[in-house]
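User: Please take a close look at the interface between the two chains in this model. I would like one connected account of the contacts, and then of whatever lies around them.

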Amino acid sequence: MVDKLVHISDKVLDVQRIVDLVHSDSAGAIDVFVGTVRNSTKGKKVMRLEFESYDIMAIKEMQKIINQAKIQWPVEKMAIHHRKGILSIGEVAVIIAVSTPHRKASFEACQYAIDTLKETVPIWKKEVFEDGEVWVAAHP
Amino acid sequence: MNIQIRFFGIAKDIVGGSTCELLLKPPCSVATLRKSLMTLYPAFGDLKSIMIAVNDEYATDDVQLATSDDVVLIPPVSGG
């Protein structure tokens, strides 16, 4: 059982466990974002994704996201768990859960977290197609 | 001075390995290192961005490098 709020794992992520991690009696809202592996990109069939992570720095950057969110919104708790390794279609790649006293802040803080994660956290995704593979977003 | 650099993602493919060591004239800044890497591996110029992390933090171009630093090249990230 992983009870860390920030975590990178090569094992299946459990949504309920992460929701439980951010539960707080003083929060009236928990917003959850679940990023999953889509079966196509620009009309091309995706076979699987491969995630690579610079773990130590990725953990640090995810922690910074939580710290920043807490400055901007009344966040009770926020958890960010990310997968690495090989993922099949439909598998969960990332889960972000955030608890706040009221719902609006939870939506906003969660959106901020996933948007920032995609810009700053050193994790890379490779899409594997039937006829080749591409590191996502590497080229302009 | 010798600077050891680690690579991830597409950078690993470009270099053909996960580490390399460069011999650079001191004092060496992140900007100097970036320029050397671009010269050695022109394919880095095709990427959307190249960041350098020093000791697990993003480093600006003016940061001076020491041989003991943990230097990592960060190609465009794509988590989530």
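Analyst: In this predicted model, the side chains of B:Glu57 and A:Lys60 form a salt bridge, with an N to O distance of 3.5 Å. That distance is inside the 4 Å limit used for a salt bridge. In all, the rule finds three salt bridges across the interface of chain A and chain B. Polar contacts across the interface come to 16 residue pairs, counting pairs with both residues at pLDDT 80 or more.

On the side of chain A that touches chain B, the elements giving two or more residues are strand 4 (44-53), helix 2 (55-72), strand 7 (92-100), helix 3 (103-120) and strand 8 (123-129). By class, this side of chain A has 17 nonpolar, four polar and seven charged residues.

As for extent, 28 residues of chain A are in contact with 23 residues of chain B. The two chains bury about 2,200 Å² between them, and 56% of that is on carbon and sulfur atoms. Within chain A, the residues that lose the most area to chain B are A:Tyr54, A:Trp124 and A:Trp135, which together account for 29% of what that side buries.

The largest pocket also involves both chains: among the residues closest to its centre are A:Lys125 and B:Gly80. The others in that closest group are A:Thr36, A:Arg38 and A:Leu49, out of 17 lining residues. The volume of this pocket is about 240 Å³. Several elements of chain A supply at least two residues each to the lining, namely strand 2 (29-36), strand 3 (40-41), strand 4, helix 3 and strand 8. Strand 4, helix 3 and strand 8 are also among the elements on the chain A side of the interface. The lining divides into eight nonpolar, five polar and four charged residues.

Strand 4 also holds A:Lys44, whose side chain meets that of A:Asp131 in a salt bridge of 3.3 Å, N to O. A:Asp131 is in the loop between strand 8 and strand 9 (132-135), so by the strand assignment the pair links distant parts of the chain, 87 residues apart. Over all chains, the count of salt bridges comes to 14.

The loop between strand 3 and strand 4 of chain A contains A:Lys42. This residue has a positive phi of about 50° although it is not a glycine. Chain B has a backbone feature of another kind: the peptide bond from B:Pro26 to B:Pro27 is cis, with omega near 0°. B:Pro27 is in the loop between strand 2 (19-23) and helix 2 (30-40) of chain B. As background, most residues other than glycine have a negative phi, and most peptide bonds are trans.

One further detail concerns helix 1 (residues 15-22) of chain A, which contains A:Gln16. The side chain of A:Gln16 makes a polar contact of 2.8 Å with the side chain of A:Asp20. The C-alpha atoms of A:Gln16 and A:Ala97 are separated by 10.0 Å, with their positions 81 residues apart along the chain.

Notes:
Residues numbered from 1 in each chain as written. Chains lettered and ligands numbered in written order. Predicted model: local features only at pLDDT ≥ 70, side-chain atom pairs only at ≥ 80, totals over all residues. Heavy atoms only, no water. Contact = heavy atoms within 4.5 Å. Buried area = accessible area lost by both parts, 1.4 Å probe. Polar contact = N/O pair within 3.5 Å; in protein donor to acceptor, adjacent residues only side chain to side chain. Helix = DSSP H or I, 4+ residues; strand = E, 2+ residues; numbered from the N terminus. Nonpolar A, V, L, I, M, F, W, Y, C, P; charged D, E, K, R; others polar. 1 Å grid on protein atoms, 1.4 Å probe; cavity = no way out; pocket = protein on both sides within 12 Å on 5 of 7 lines; lining within 4 Å. Points joined across faces, edges and corners; volume = space filled by probe spheres on them.
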